[in-house]
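These are my notes from a first reading of one structure, kept in the order in which I looked things up.

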Amino acid sequence: MRENFKKRFRDRIKGVYGSKSLVLVLFWNPLCQKLVNLSLIFLIFNGCIGIFRKAPDYPSIRISGLVSYSELESIKNVKWNHLSKGRDPKSVSAIVLHNSGKRKFSDFFRLSASNDFLFHVYVDSDGNILGDPNFLNHEWSAAPGIDLESIHIVYEGTQETLYNNRKQRGSLNQIISYLTEELDIPKSNYDVISKKGVFTHNQTKRRFGGFVDFSPCGSELALKQILSEIDGKFYEEDDWKDRFVTGWVLKKENKDILKETFKPTNGRGITKPEKIIFSKIEKDEKGFTPEEYRVKYTFRGKINPSCVVLHYTAISEYFKSLRTLEARNLTASIMIDNNGKAYQLVDVLEDRAAAATGTNDNCIQIEIVAKDTEELLKQPEQIQTVKDLVTELTTKYKIPLSNEKLEDLSGVFSHTQAKKKWGGSIFLNAKDFDPGEEYMEMILNSIGGKYYSEPEWKNRKSIDWAILYRNFQP
């Protein structure tokens, strides 16, 4: 049959292309077969064909020398078993690295458990390995957003102490090398978006949020050292996959990319605005915003306002603030100068602004010109305009004078609240900022509203915030 097939093939080639083509085919055929065979061998050895990969043997995967948490006398009174969730081992695709700082194991463990967190493995300064023997089957919360896919590993100390501790680093390297090979986890921190690789907690915070503070936890230098010693590949932050693309809780901006992609469609010198309808917003003799005070922006659709968000510009001068918005491809709805004059930046107030992630589709965004909260509180004319304008806006759009229910997108909120809920900022550190809760309390209470402190915000203690309301996190 094989010979008949060859004969038919040759006859077909000869009939279609002539006898010279038949000679070429006969000449090239053995060479092509060799190239195909070599290509297949290359693909197999480089693991490019999934069918040749060996599926992980999950029941056999054990960390050598691991001592179970349940056997440790130092934490026998700590309630921790209830914190885990069951998971399918097939979901595991990442390792997240944490460190304990100056805390020793028992203190670190107790603080973690008391704040509803826990980790799978702990390597102390002597290289001892403590942990959960069923780490593949248990999901522990330590980095919300990537917990289901992760094995959380804590090393005792800091990146500096780890660098000089060969015994501890040897245990850590052995664990990470073994798990990455057995579970087919990439030895790389390149693509945290896919949740496949070896990452520091710091990197997962930047992508997924769910952190208590932004102090380094896992240390990039430590991971760089570990990956180099287990034949992995370490990437600096600027080289992480899609690091400058929307979707990160802690944004990172590239000025060149922003400049290339900013193609304004509306605003100053491009489109004509509608007449101003609010008494507290400045207008020229024809009823429009003075042209030089407007912002160039990309039209992003319309909103039906149900909330107001207050910001400060972090810059003390109006036109510098305006240029900064444009340079970052952002816009607010209104900006209030330090002399108390307010200007509508967009063509129509219902044009969607881009100033506070999570709220832009629903809220009027007001930027207030000031370097910081302290400066805001020293500008009485500006304070009065903010009060009057918030009153006018909330009356027209029937918005509650309250900051309690951020997730309902109904009320008057600080950018601080929006950042703590949804992130999406290049400035994010879990501290009080933008425009400051002292300022918000003064504004709301002085116009007959109700100010709620952070513990009173709706569902503030839930896990669904970019910045969690906890005292500690591993």
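I began with L428 and listed its contacts, leaving out residues up to four places away in sequence: L428 touches F211, F214, V249, L250, K419, G423, F433 and I467. I kept in mind throughout that this is a predicted model.

I then looked for the core to which L428 belongs, and found that L428 is among the residues with the most contacts inside the largest nonpolar core, together with L310, I334, I366, V386, L389 and L393. That core has 38 residues, and β9, β10, β12, α11 and α13 each supply at least two of them. The largest share comes from α11, with six residues. I also noted a second, separate core of 29 residues, which includes L183, L223, L227 and F234.

For the chain as a whole, I wrote down 13 helices and 13 strands. Buried residues make up 50% of the 474 residues, and the accessible surface comes to about 23,800 Å², of which 51% belongs to carbon and sulfur atoms. Looking at contacts between residues at least 6 apart in sequence, I found that 70% join residues at least 24 apart.

Next I turned to the sheets. In which order do the five strands of the open sheet that includes β9 and β12 stand? I read the order as β11-β10-β12-β9-β13, with mixed pairing, and the edge strands, β11 (342-344) and β13, each pair on one side only. Neighbouring strands of this sheet are turned by 20° against each other on average, if direction is ignored. Within the sheet, β9 and β12 run parallel and are joined by six bridges; I checked one residue pair here and found that Y312 has I368 in β12 as its bridge partner. The helix α12 packs on this sheet, where it touches β9 and β13, and its direction makes about 80° with that of β13.

I followed α13 in the same region, since this helix lies across β9, β12 and β13 and runs at about 155° to β13. Its buried residues are E437, Y439, M440, I443 and L444, in a helix that spans residues 437-446. Seen down the axis of α13, these buried residues fall within an arc of 150°, so I recorded them as lining one face of the helix. Their cover includes β9 (307-312), β12 (363-368), α10 (373-376), α11 (380-397), β13 (411-414) and α12 (415-422). Just after α13, I noted that G448 takes a positive phi of about 85°.

I also looked at T331, which lies in the loop between α9 (318-327) and β10 (334-336). Is T331 buried or exposed? Its relative accessibility is 0%, and because buried means under 20%, T331 counts as buried. Beyond its neighbours within four places in sequence, T331 is in contact with V295, Y297, R300, L325, V346, R352, A353, A354 and A355.

The other open sheet that I examined has six strands in the order β1-β5-β4-β7-β3-β8, and its pairing is mixed. β1 (67-68) and β8 (197-200) stand at the edges with a single partner strand each, so one side of each is left without a neighbour in the sheet.

I spent some time on β7 (residues 150-155), where six of the six residues are buried. S150, H152 and V154 point one way from β7, whereas I151, I153 and Y155 point the other way. Strand β3 (residues 94-99) runs parallel to β7 and is joined to it by six bridges, and I noted A94 as the bridge partner of S150. Strand β4 (residues 121-123) pairs with β7 in the parallel sense over three bridges, with V123 opposite Y155.

Moving on to β8, I found four bridges that join this strand to β3, again in parallel, and the bridge partner of I95 in β8 is V198. Helix α6 (residues 201-208) packs on the sheet, touching β3 and β8, and its direction makes about 90° with that of β8. My last entry is helix α5 (residues 166-182), which lies across β3, β4, β5 (129-131), β7 and β8 and runs at about 175° to β7.

Methods. Residues are numbered from 1 along each chain as its sequence is written. This is a predicted model: local features need pLDDT of at least 70, side-chain atom pairs count only at pLDDT 80 or more; totals for chains, interfaces and linings use all residues. Side-chain values use heavy atoms; hydrogens and water are left out. Helices (H or I, at least four residues) and strands (E, at least two) are DSSP runs, numbered from the N terminus. Buried means under 20% relative accessible area, exposed over 50%, partly exposed in between (1.4 Å probe, protein chains only). Contact means heavy atoms within 4.5 Å. Accessible areas come from the Shrake-Rupley method with a 1.4 Å probe; for residues, only the protein chains shown count as cover. The arc is that of the directions from the helix axis to the C-beta atoms. Two strands pair if DSSP finds at least two bridges between them. Axes are lines fitted to C-alpha atoms, for helices over the stretch in contact, and angles run from 0 to 180 degrees between N-to-C directions. A nonpolar core is a set of buried Ala, Val, Leu, Ile, Met, Phe, Trp, Tyr and Cys residues joined through side-chain atoms within 4.5 Å.
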